[in-house]
Amino acid sequence: MGIMIRGFAFFFLIPLIVSLCFHEFSEAINFIIAFASSIIVAYLFLFISGEPEELSFRSGMVIVSLSWIVAMFLGAIPLYLSGHFSSYLDACFDSMSGLATVGLTILQDLDHTSMSINMWRFLVPYICGQGIAVITIVFLARTAGVYGMYTGEGREEKILPNITHTVRIIWKVSLIYLVVGVSILFALGIKSGISPFYSFWHGLWLYMSSWATCGFTPQSTSVLFYHSQWIELGTTIALVIGAMNFSLHYALWSGKRLELFRDIEIRTFLLTFITIFSILCIGLIKEGAYPDLLSFFSKAIYHTLSAHATAGFATIYSGQFVSQWGELGMLALIIGMWIGGCAGSTAGGVKCLRMGIFFSDFWQNIRQIGLPTTAVFQHKLRHIQDIVINDRMIRSAVLIFLSFTITYLLGAIIGVIYGYPFVPSLFESVSTASGTGLSVGITSKDMPPAMKVVYILEMWAGRLEFISIFAILNFIITRGKR
Amino acid sequence: MKEEVRIQESEFRSQNSGVRIQESEVRSQNSGVRIQESEVRSQNSGVRIQESEFRSQKSEFNILNSGFWILDSGFCILYSVFCILFFIIAGSVHSLCLNDLLSEPKKYDHQTIEVSGEIIGFSIKKKNGWFINVDIGGGVIGVFTKELPKIKHYGKYKEKGDVVRVQGVFYNTCKEHRGETDLHSQSIEIIKRGKTIPHPIKKANIIAAITLSFLAILLVLFYRRFSGKITG
């Protein structure tokens, strides 16, 4: 854990440099405090545990899950010291929101936030979208048994046989996309009538946020602030790419372009997108929300994609989901957030791969009904390569699906207990646990502290896809028995 | 003369002129007329009304307690008429916040309203005008204007933005701008210039930074020196 925290600490240096460049000296001091504190915590852990030669699978997962909690507390230091939060809990909320690429914020007076704090807000999801463990493996870890750390952050697939090579590929691809994405958003910013200075910085931050499917924006009115269809287009492309499986990116880069049309996840994503979009359209027509087709489709497509990819960008005010989109509109977005993006991406939610396995298995069972009981079936799916689906895979998918569902519902019940209506509570809870970040207005600094804690736990559990939490439970149970 | 005339929770609604009075109590005790819970302020010529809303559906007065007007008191009548006219004229241009607009979008949609607040971020050039974002209290709204006023300060980390008063047409879902909720300005007036916001460095933070940095360096050096011995 000490190695991971030490790796995390060095990222404070980037906003520190930004603060010095923009003469934000009070923020620079705050980042020095955060950096020094992180180094102290990291070395204290190293003193306690030492640098292990080999990690067991379970230890790797336990370390990852606990590291995220420690990272939340450390990441909250510059946020709290910036004076934009009324309590350290609020700063922790935003810190976890960034780490888990959720994008919900209770930062006050966002429009007067410094360049360096913004840099930190966007850097955290960009890094942690890939995973803290992933970056640790690339640069710092020289220990064996890092597969537990890798899977502990909700990743299961290996692009290359070696984990270290896999994560290096992930980072290479991410950095290439960063350069291309920022250049495109910069050009779109200029085209939208924004000055070159702001086009660059907002382009950089919006790209980082879109790619990480986070949903943080540098201004309080999200993407609505830019009043630009070009910025909407740029963020849409970036968030869709971010929500795609990394293995698929690698396959496409390797020249296997047909995989884009054959992959079960992409097919599932398209199917669920069309379904959700249709439900949303019915809801918006029922409410008479938009007067013309351009407005209608512009809002419906953007928000469906934003919710489904768990990005959380919005071009309407949060209150308008309730007052103008109605319950059906909200339910459509809830379904999108519930499912989420592709596995092995920066997106959250149950994931399209698992939904694809469900749909495919459901269809397979229907087909089997009319056949003799002695018939032997081999259930195959196309996901980068042909995969034979077995009971263990289905059981694992069901377990994750149920874990997400229970978390969503628990969060909604807590909201209802605190007096919020059920549908908005469910919307907010699903948005939180799936890492989306769309809000109907429940998330605010005035929210009860207990709800803030529940939402922090939801973000953490949802981002790590419960596997690490099961590992902690297993660790506690087995220790208890001894 | 000790007679009490009291109008409670009177709502004066006039839809065409788009004005509303809510929860304003006009009381006249003794020989005087008193206005409670409504604030009369002056903006241009020194007149502004806050927390009073004018409505325009039906005009209705509920006269409680006394239940009648004192017809023989010409002064009271004239004064009341003056107050109502004053509310109508001044209230028709009272500043709204974002929550007002979003909570009753149908009421304000396509209506001329007035808002005031700080200009945020930066202006955005469009084909036939500019967009500026104004924090009108409760949130930021996009204001579309054909001519950009001479803005010196935009609200950001180091600056408090210029405060403007905008009169214009509110669109809940603007056809011209792909369904955005925005305000098309008819007039923009800068009512207060922004200023630079100082961000002084706190002494306590400097001391904390130095102390923690020193501790961190010591710990790293100590670990490098003794880590092999500690971990065995």
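How many helices and how many strands are there in chain B? In this predicted model, chain B holds four helices and 14 strands. Of its 232 residues, 29% count as buried, and among the contacts in chain B with a separation of 6 or more, residues 24 or more positions apart account for 62%.

**A helix pair in chain A**

Two packed helices are described by the angle between their axes and the distance between the axes. For helix H5 (residues 88-99) of chain A and helix H21 (residues 449-463) of chain A, the angle is about 20 degrees and the axes lie 10 Å apart. Because angles under 35 degrees count as roughly parallel, H5(A) is roughly parallel to H21(A). The crossing in which H5(A) passes H21(A) is left-handed. On the side of H5(A), the residues that take part are Leu89(A), Cys92(A), Phe93(A), Met96(A) and Ser97(A), and they meet Pro449(A), Lys452(A), Tyr455(A), Ile456(A), Met459(A) and Trp460(A) of H21(A). Sorted by class, this contact of H5(A) with H21(A) comprises nine nonpolar residues, one polar residue and one charged residue.

**Residues with positive phi**

Most residues other than glycine have a negative phi. The table lists three residues of chain A for which phi is positive.

| Residue | Phi | Place |
|---|---|---|
| His23(A) | near 55 degrees | loop between helix H2 (13-21) and helix H3 (25-49) of chain A |
| Thr310(A) | near 55 degrees | loop between helix H15 (293-308) and helix H16 (318-323) of chain A |
| Ile384(A) | near 65 degrees | hairpin of S1(A) and S2(A) |

Is the loop residue His23(A) buried or exposed? His23(A) is exposed, because 11 other C-beta atoms lie within 10 Å, and a residue with 12 or fewer is placed in that class. Thr310(A), by contrast, counts as buried, since it has 35 C-beta neighbours inside 10 Å, where 20 or more are required.

**The hairpin in chain A**

Ile384(A) belongs to a hairpin that has one residue between its strands, S1(A) and S2(A). Strand S1 (residues 380-383) of chain A pairs with strand S2 (residues 385-388) of chain A in the antiparallel sense, and the pairing runs over four bridges. Which residue in S2(A) is the bridge partner of Leu381(A)? The partner of Leu381(A) in this pairing is Ile387(A).

Notes. Residues numbered from 1 in each chain as written. Chains lettered and ligands numbered in written order. Predicted model: local features only at pLDDT ≥ 70, side-chain atom pairs only at ≥ 80, totals over all residues. Pairing = 2+ DSSP bridges. Helix = DSSP H or I, 4+ residues; strand = E, 2+ residues; numbered from the N terminus. Contact = placed C-beta atoms within 7 Å. Axes fitted to C-alpha atoms, helices over the stretch in contact; angles between N-to-C directions. Parallel < 35°, antiparallel > 145°, perpendicular 65-115°, else oblique. Left-handed = near helix turned anticlockwise from the far one by under 90°. Nonpolar A, V, L, I, M, F, W, Y, C, P; charged D, E, K, R; others polar.
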